Amino acid sequence: MKKRIGLGTWSWGNKLFWNYQSTNDDDLRETFNEALRRGFDLIDTADSYGTGNFQGRSELLIGKFLLNTPSAKKKRIQVATKLAPYPWRIGNRGFNKPFLKSLERLNNKLDIVQLHWSTAKYSPWQELGLLNNLCDLKDQGFDFQIGLSNIGPKRLTKLIDFLAKRDQSLKSVQIQFSLLAPELGKQYQVKKICEENNIDFFAYSPLSFGVLCIDPDQEEYKEKSFIRNALFENYKKPTYELRRCLKRIANHRSVSQAQVAINWCCYQGTIPLVGMRKKSQVIDVSNVFNWNLNKNEFKILQEVSKNCLKKMPKNPFSSI
């Protein structure tokens with residue numbers, strides 16, 4: 001099985017949830033370089049990644065790191081960003097300025113442009129205008145492929161047909177997909193549509209914000225972020241059996257819980273987007289390339305996941 005893993009960069013600039021500090025940028029540079037060294041060929045970001053004064057920080061850092069990346073390595077990787085359909089970004093030109101700003105921050109390395117979330121629930125025509133806008137930009141000669149994020153099966157089918165009328169196809173779709181993802185049945189419907197249409201399926205939050213990495217036998221697990229600590233405290237008890245199962249497989253395989261959870265995604269042919277901020281995390285996750293879950297391990301994880309009553313919160317912007 002040929003596996004692909006993407007480097008997720010939501011934490012690069014996010015102070016509120018991930019306690020980002022600009023003093024850690026050297027660690028992020030090391031993380032980026034190590035990821036490229038170890039075979040990661042996809043970098044995922046967004047124009048909204050970065051809080052407050054750090055708006056667009058993730059893209060800016062990636063662009064900066066790319067300046068020192070050898071051209072051969074740069075050609076091998078795909079950089080995917082997501083443009084946010086804010087209410088003021090409307091019509092067939094709503095993405096013009098955001099697109100050019102992202103392109104500038106990323107130093108002209110932009111391979112996939114994704115609609116960050118679906119507006120189907122509150123403004124269905126907005127996303128159609130913005131997708132038309134992306135098609136127009138491609139017609140003008142900008143070289144990128146189109147992707148979607150946070151999309152449900154019904155809306156996905158409609159947008160595939162919509163783009164086909166512009167002689168465009170989708171390169172990728174990314175949705176929340178993990179052992180703790182909500183409404184996995186609908187996630188599998190999206191995955192099936194992707195398979196039928198040769199669309200890459202990106203699985204974001206495969207570690208459920210780090211919950212799946214918590215050692216079930218460890219009493220305390222403290223993060224610097226108050227929000228993450230509250231999340232962990234809320235999920236520790238209801239996810240105990242699942243994490244114990246992950247640890248049992250991890251110990252048997254001499255790997256980490258993170259590797260088991262990510263391999264659950266890879267087993268199903270998805271491309272997990274794993275958020276990483278340290279070189280050591282990249283080294284650990286890269287070992288997923290070296291082993292596969294067997295059928296029995298996958299079956300056990302499916303069963304324990306199904307019986308886990310508390311799932312991750314739904315993304316409010318998802319059309320699922």
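**Figure 1. Surroundings of Ser 58 in helix α3 of the predicted model.** In this predicted model, Ser 58 touches Thr 9, Trp 12, Thr 45 and Tyr 49, when residues up to four places away in sequence are not counted. Ser 58 belongs to helix α3. The relative accessible area of Ser 58 is 0%, so the residue counts as buried. Ile 43 may be used as a reference point in this view: Ser 58 and Ile 43 are separated by 15 residues in sequence, and their C-alpha atoms are 11 Å apart in space.

**Figure 2. Helix α3 and the elements that cover it.** Helix α3 comprises residues 57–67, and 8 of its 11 residues are buried, so the helix is largely enclosed by the rest of the structure. The buried residues of α3 are Arg 57, Ser 58, Glu 59, Leu 61, Ile 62, Gly 63, Phe 65 and Leu 66. Helices that contribute to the cover over these buried residues include α2 (25–37), α4 (71–76) and α5 (96–105). Strands β2 (42–44) and β3 (78–83) are also among the covering elements. In general, an α-helix has 3.6 residues a turn, so residues three or four places apart point the same way.

**Figure 3. Thr 69 in the loop between α3 and α4.** Thr 69 is located in the loop that joins α3 and α4. With a relative accessibility of 8%, Thr 69 is under the 20% limit and therefore counts as buried. Neighbours within four places in sequence being left aside, Thr 69 is in contact with Phe 32, Leu 36 and Lys 74. Of the elements that cover the buried residues of α3, α2 (25–37) and α4 (71–76) are two.

**Figure 4. The aromatic cluster of Trp 10, Phe 17, Trp 18 and Phe 209.** These four residues, Trp 10, Phe 17, Trp 18 and Phe 209, form one aromatic cluster. The number of aromatic pairs counted in the chain is 16. One of them is the pair of Trp 10 and Phe 17, which is stacked, with 5.3 Å from centre to centre and 15° between the planes. The rings of Trp 10 and Trp 18 have centres 5.5 Å apart and planes at 85°, so this pair is edge-to-face. Trp 10 is partly exposed, at 32% relative accessibility. Phe 17 is buried, with a relative accessible area of 13%, and Trp 18 is likewise buried, at 14% relative accessibility.

**Figure 5. Positive phi values at Ser 208 and Phe 209.** Ser 208 lies in the loop between β7 (200–204) and α9 (226–235), and Phe 209 is found in the loop between β7 and α9 as well. The phi angle of Ser 208 is near 50°, a positive value in a residue other than glycine. Phe 209, also not a glycine, has a positive phi of about 60°. Ser 208 is buried, with a relative accessible area of 0%. Phe 209 is in addition a member of the aromatic cluster with Trp 10, Phe 17 and Trp 18.

**Figure 6. Contacts of Gln 176 in strand β6.** Gln 176 lies in strand β6, which covers residues 170–176. At a relative accessible area of 8%, Gln 176 is buried. Residues up to four places away in sequence not being counted, Gln 176 touches Ala 181, Pro 182, Gln 187, Tyr 204, Ser 205, Met 312, Pro 313 and Asn 315. Tyr 122 serves as a reference point here: Gln 176 and Tyr 122 are 54 residues apart in sequence, with a C-alpha to C-alpha distance of 20 Å.

**Figure 7. The chain as context for the close-up views.** The chain contains 13 helices and 8 strands. Its radius of gyration is 19 Å, close to the 20 Å given by the globule rule for 320 residues, so the chain is as compact as a globular protein of that length. Along its principal axes, the C-alpha trace spans about 55 × 40 × 35 Å. Buried residues make up 56% of the 320 residues. Among contacts with a separation of 6 or more, 79% involve residues 24 or more positions apart. The chain exposes about 15,100 Å², of which carbon and sulfur atoms supply 50%. There are 50 positive and 31 negative charges, and their mean positions are 1 Å apart.

Conventions:
Residues are numbered from 1 along each chain as its sequence is written. This is a predicted model: local features need pLDDT of at least 70, side-chain atom pairs count only at pLDDT 80 or more; totals for chains, interfaces and linings use all residues. Side-chain values use heavy atoms; hydrogens and water are left out. Helices (H or I, at least four residues) and strands (E, at least two) are DSSP runs, numbered from the N terminus. The radius of gyration is taken over C-alpha atoms; the globule rule is 2.2 Å times the number of residues to the power 0.38. Buried means under 20% relative accessible area, exposed over 50%, partly exposed in between (1.4 Å probe, protein chains only). Contact means heavy atoms within 4.5 Å. Accessible areas come from the Shrake-Rupley method with a 1.4 Å probe; for residues, only the protein chains shown count as cover. Lys and Arg count as positive and Asp and Glu as negative; His and the chain ends are not counted. The place of a charge is taken as NZ of Lys, CZ of Arg, CG of Asp or CD of Glu. Rings of Phe, Tyr and Trp (its six-membered ring) pair if their centres lie within 6.5 Å; planes under 30 degrees apart count as stacked, over 60 as edge-to-face and the rest as tilted.
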